[in-house]
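Hi,

Here is the structure I promised to pass on. Have a look at it first, and my notes follow underneath.

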Amino acid sequence: MLIRSEGSRESVIRSSEITPQHVFESFQRSRRQFLATGAALGAGALAAGRLSGLVQPSVAHAGSVTYTVPDPQTPLQKAATYNNFYEFGTDKDEPARYAKTLKTRPWAIAVEGLVKKPLTLDIDTLLKLRPLENRVYRHRCVEAWSMVIPWDGYSLSELINHCQPLPSAKYVQFLSLYDKKQMPQAPSGYDWPYSEGLRMDEAMNPLALLTFGFYGQTLQNQNGAPVRIILPWKYGFKSAKSIVKIIFTDKQPRTLWNEIASGEYGFYSNVNPKVDHPRWSQAHERRIDGSLFPHTIPTLMFNGYADQVAGMYAGMNLAKYY
Ligand code: MTE
């Protein structure tokens, strides 16, 4: 699991703030790297020929603030071939090879538990619920590597409001598809389906993204098609892929990794450079971007999103509630 970055070639990371789109764009225009990345992405998108997969153009939201970061983006080719999706194998290259068989239509999400009325949502209805926004987020894996990815979706809070949870709902659980026939590579010894959970205030935070696409195209299967969540201030494993069930509850829900190794993977799993994983440091990360040589950069508190999320954890001992 652990990827070690030997030596620190570069330790520069830009402002942790989320930058409005127009500021970001003028900043980026001057960057050689952006041009190189843009060319790569354009070629990737054309090659994939999947731009029509999204219902709305992913960046059509003039007037609203777009969430983004000034860091160079990870090329699509990397983001789509270096994955964790254990249902399709435990090696990083396996999801891209084996998830091709995942059937993403028809697809429904069951909404259960403490809601006014249980409901089932069809993926195409969900896609049309709100216009999709393009958000460039830092994506930090607990294994100490990271990417910068443009996702397409809308705030998870929009879906939650649509579900009408009861005031007694304190947590929300997300369950991924588990279909042995489609996922013969899923290792035994795991209590499938993949399960993750959030406190309600975390799920309602505007940064939490219900995600349908990336790089202006439909999510590739290995990245969690047809719908996943993205919580950019948390380690990547909180971002459950290929979701089929959402349960509102008054108790902290089970989570797959916490069950497997509770001393290593807590319920909160906020990115925190000061709280090491028992087997390795979380102070730095290997940034996977377009550069020829991988480089190591310091990890930021809450992955650089402290201004937006730190208030939710005020007064909590983050070494205890890791
Ligand atoms: N969701 C499911 N269903 N199965 C998984 O194995 N892996 C998690 C998360 N969501 C995982 C999952 C982990 S460990 C990470 S780091 C991210 O997905 C990886 O997302 P990416 O492959 O799009 O980078």
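Is Cys141 buried or exposed? Cys141 comes out as buried, because its relative accessibility is 7% and the cut-off for buried is under 20%. Bear in mind that this is a predicted model, so that value, like the others below, is computed from it.

While we're on cysteines: Cys163 is buried as well, at 2% relative accessibility. As for disulfides, the structure holds zero of them.

Now the aromatics, which took up most of my time. The count comes to 18 aromatic pairs. One of them is Tyr82 with Trp145, an edge-to-face pair with 5.1 Å from centre to centre and 75 degrees between the planes. This pair links distant parts of the chain, 63 residues apart: Tyr82 is in the loop between α3 and α4 (94–98), while Trp145 belongs to strand β4 (residues 145–155). Trp145 counts as buried, because its relative accessibility is 4%.

Another pair to look up is Tyr137 with Tyr305. Their ring centres are 5.8 Å apart and the planes stand at 85 degrees, so this one is edge-to-face too. Tyr137 sits in strand β3 (residues 133–140) and Tyr305 in the loop between β12 (295–298) and α9 (306–309), so the pair ties together parts of the chain that are 168 residues apart in sequence. Both of these tyrosines, Tyr137 and Tyr305, are buried.

There is also an aromatic cluster to click through. Tyr86, Tyr178, Tyr190, Trp192, Phe237, Trp257 and Tyr265 make up this one cluster.

Two lysines sit over rings. Lys92 lies over the face of Tyr82, 5.9 Å from the ring centre, so Tyr82 turns up here again after its pairing with Trp145. The other is Lys238, whose charged end is over the ring of Phe267 at 4.3 Å from the centre.

Last on my list is a threonine. Thr74 is found in the loop between α2 (32–48) and α3 (76–79). Thr74 is buried, because its relative accessible area is 0%. A polar atom of the Thr74 side chain lies 2.8 Å from the backbone nitrogen of Val148.

That's what I have for now. Shout if anything looks odd when you open it.

Cheers

Technical notes
Residues are numbered from 1 along each chain as its sequence is written. This is a predicted model: local features need pLDDT of at least 70, side-chain atom pairs count only at pLDDT 80 or more; totals for chains, interfaces and linings use all residues. Side-chain values use heavy atoms; hydrogens and water are left out. Helices (H or I, at least four residues) and strands (E, at least two) are DSSP runs, numbered from the N terminus. Buried means under 20% relative accessible area, exposed over 50%, partly exposed in between (1.4 Å probe, protein chains only). A polar contact is a pair of N or O atoms within 3.5 Å; within protein, one must be able to donate a hydrogen and the other to accept it, and residues adjacent in sequence count only if both atoms are side-chain atoms. Rings of Phe, Tyr and Trp (its six-membered ring) pair if their centres lie within 6.5 Å; planes under 30 degrees apart count as stacked, over 60 as edge-to-face and the rest as tilted. A charge sits over a ring if NZ of Lys or CZ of Arg is within 6 Å of the ring centre and within 35 degrees of the ring normal. A disulfide is a pair of cysteine sulfur atoms within 2.5 Å.
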